[in-house]
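Subject: Structure for your review

Dear colleague,

Please find the structure below, together with an account of what was found in it. I would be grateful if you could read the two side by side.

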Amino acid sequence: MTANATSTIESIAKSIAPELRTLNDRIFLALTSPNDMMNGIVRDYLQKKGKQIRPLVVILSAKLFTENITPKIISAAASVEMLHNASLIHDDVVDESQLRRNEPTINGIWDNHIAVLVGDFFTSTALQLANETADLRIIGTMASLGRRLAMGELDQIYNARYHRLSEEAYMQTIDHKTASLFVACAEMGAYAAGILDEDPRLCALRKFARNLGLCFQITDDIFDYFPCEDKIGKPAGNDLREGKVTLPLLSVLLQNDAPHTREMLALVAKERLNTDEINRLMQYAIANGGIEYARNKMQQLAREATDTLNSAFPDSTTRQTLTDLLTHILRRSN
């Protein structure tokens, strides 16, 4: 992450610091239990929380419609943050990850059994928080979100296992596994602010959030082509190691005139790749413009997102803050 990107996300968080303090107090209270072991795990986990981009989207989406950040909005933001964290905890179990962003995972400190139970506890807490809003639309959004996230992971496994190489399949996968979460955040913020389903601004906000989420995932996929373990907690080439062909390589493989395409397709079709083969594929993608293609795709999505937001909402501090958040996500890939 660049210094400018870091300062952007820090300034965004600072602009809603009181709301974030209330959010984190609510999360801690919701996760407090009679079990001392669970409380210790929760305290340790919350000390290592990330940038909290998803609850930021909930709060900022609500602020597009109201300056009164109510307990309902905070509960909605806490709910989606809990579900997101539950998915990360379970992902670490599935991937047998001992570290996340250079910090020990719950399964790395304890074991898979405890980590799965903690993830389940976070999931049930997310549903409780959604229920606190007493808004069936928010509860429904949370319910459908869990389904979409699971489908995104299954799409990714299916694409890798059966070598489904198309940009359409890739975009569908990241729409489910990543963008759906950002769309849910925007919806929940708007619903918690009292917006009706037929309000045309809600459709525009969904489109902005979807493109925001797509950009977020593409930046992660670009990261995988460079050694930056200290930034995101995984080694370069990890996606290919798991059989995932993401946009930088995919865009080159789909070029009819790219050199050595048949040879590279044969590598991708292998059940398991060694380190040398992974490096060859990565260098092939970089040398043939795959990184530039992915970045251009992000820029296109970002322009669409900004145009949509600007056409639906008048100029305001909150609208600018959401645009700044999009800028932060784009700069993550530099």
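E242 is partly exposed, since its relative accessible area is 33%. Its side chain meets that of K244 in a salt bridge, with 2.6 Å from N to O. K244, by contrast, counts as buried because its relative accessibility is 18%, under the 20% limit that defines the buried class. Please bear in mind throughout that this is a predicted model.

Salt bridges that share partners also join K72, D135, R137 and D197 into one network. Within that network, R137 pairs with D197, and the closest N and O atoms are 3.9 Å apart. R137 belongs to helix α8, whereas D197 sits in the loop between α9 and α10 (200-223), so this pair ties together parts that lie 60 residues apart in sequence. Both partners are partly exposed: R137 has a relative accessibility of 23%, and D197 has a relative accessible area of 43%.

A further salt bridge, at 2.5 Å from N to O, is formed by the side chains of E187 and R206. Because E187 lies in helix α9 and R206 in helix α10, the pair ties together parts that are 19 residues apart in sequence. E187 is buried, with a relative accessible area of 14%, while R206 is partly exposed at 26% relative accessibility. In total, the count comes to 16 salt bridges.

E187 and R206 also appear together in the lining of the second largest pocket, along with T141, S144, L145, R148, D175, S180, V183 and A184. Helices α8 (136-161) and α9 (167-192) are the elements that give two or more residues to this lining, and α9 gives the most, with five. By class, the lining residues of this pocket are three nonpolar, three polar and four charged. The space in the pocket is about 160 Å³.

One of the lining residues, S180, is located in helix α9 and counts as buried, at 6% relative accessibility. The C-alpha atoms of S180 and I195 are separated by 19 Å, the two residues being 15 apart along the chain.

Turning to enclosed space, there is one cavity of 30 Å³ or more. The largest cavity holds about 50 Å³ of space. Its lining consists of N24, I27, Y45, L46, K49, Q52, E81, M82 and N85. Two or more of these residues come from each of α2 (17-31), α3 (36-46) and α5 (71-94), with α5 giving the most, at three residues. Four of the lining residues of the largest cavity are nonpolar, three polar and two charged.

On the surface, M37, I109 and W110 make a nonpolar patch of about 290 Å². I109 is part of helix α6 (residues 106-109) and is partly exposed, at 43% relative accessibility.

Finally, two backbone values deserve a look. E96, although not a glycine, has a positive phi of about 55°. This residue, E96, lies in the loop between α5 and β1 (99-100) and is exposed, with 62% relative accessibility. A134, likewise a residue other than glycine, has a positive phi near 55°. A134 is placed in the loop between α7 (112-132) and α8, and it is exposed because its relative accessible area is 69%, over the 50% limit for that class.

With kind regards

Definitions and conventions: Residues are numbered from 1 along each chain as its sequence is written. This is a predicted model: local features need pLDDT of at least 70, side-chain atom pairs count only at pLDDT 80 or more; totals for chains, interfaces and linings use all residues. Side-chain values use heavy atoms; hydrogens and water are left out. Patches are made of residues with over 30% relative accessible area and no salt bridge: like charges are joined within 9 Å, nonpolar side chains (Val, Leu, Ile, Met, Phe, Trp, Tyr) within 5 Å. Accessible areas come from the Shrake-Rupley method with a 1.4 Å probe; for residues, only the protein chains shown count as cover. A salt bridge is a side-chain nitrogen of Lys or Arg within 4 Å of a carboxyl oxygen of Asp or Glu. Helices (H or I, at least four residues) and strands (E, at least two) are DSSP runs, numbered from the N terminus. Buried means under 20% relative accessible area, exposed over 50%, partly exposed in between (1.4 Å probe, protein chains only). On a 1 Å grid over the protein atoms alone, a cavity is a set of points where a 1.4 Å probe fits but cannot get out, and a pocket is an open set with protein on both sides within 12 Å along at least five of seven lines; lining residues have an atom within 4 Å of a point. Grid points are joined across faces, edges and corners, and a volume is the space filled by probe spheres set on the points. Ala, Val, Leu, Ile, Met, Phe, Trp, Tyr, Cys and Pro count as nonpolar, Asp, Glu, Lys and Arg as charged, and the others, Gly among them, as polar.
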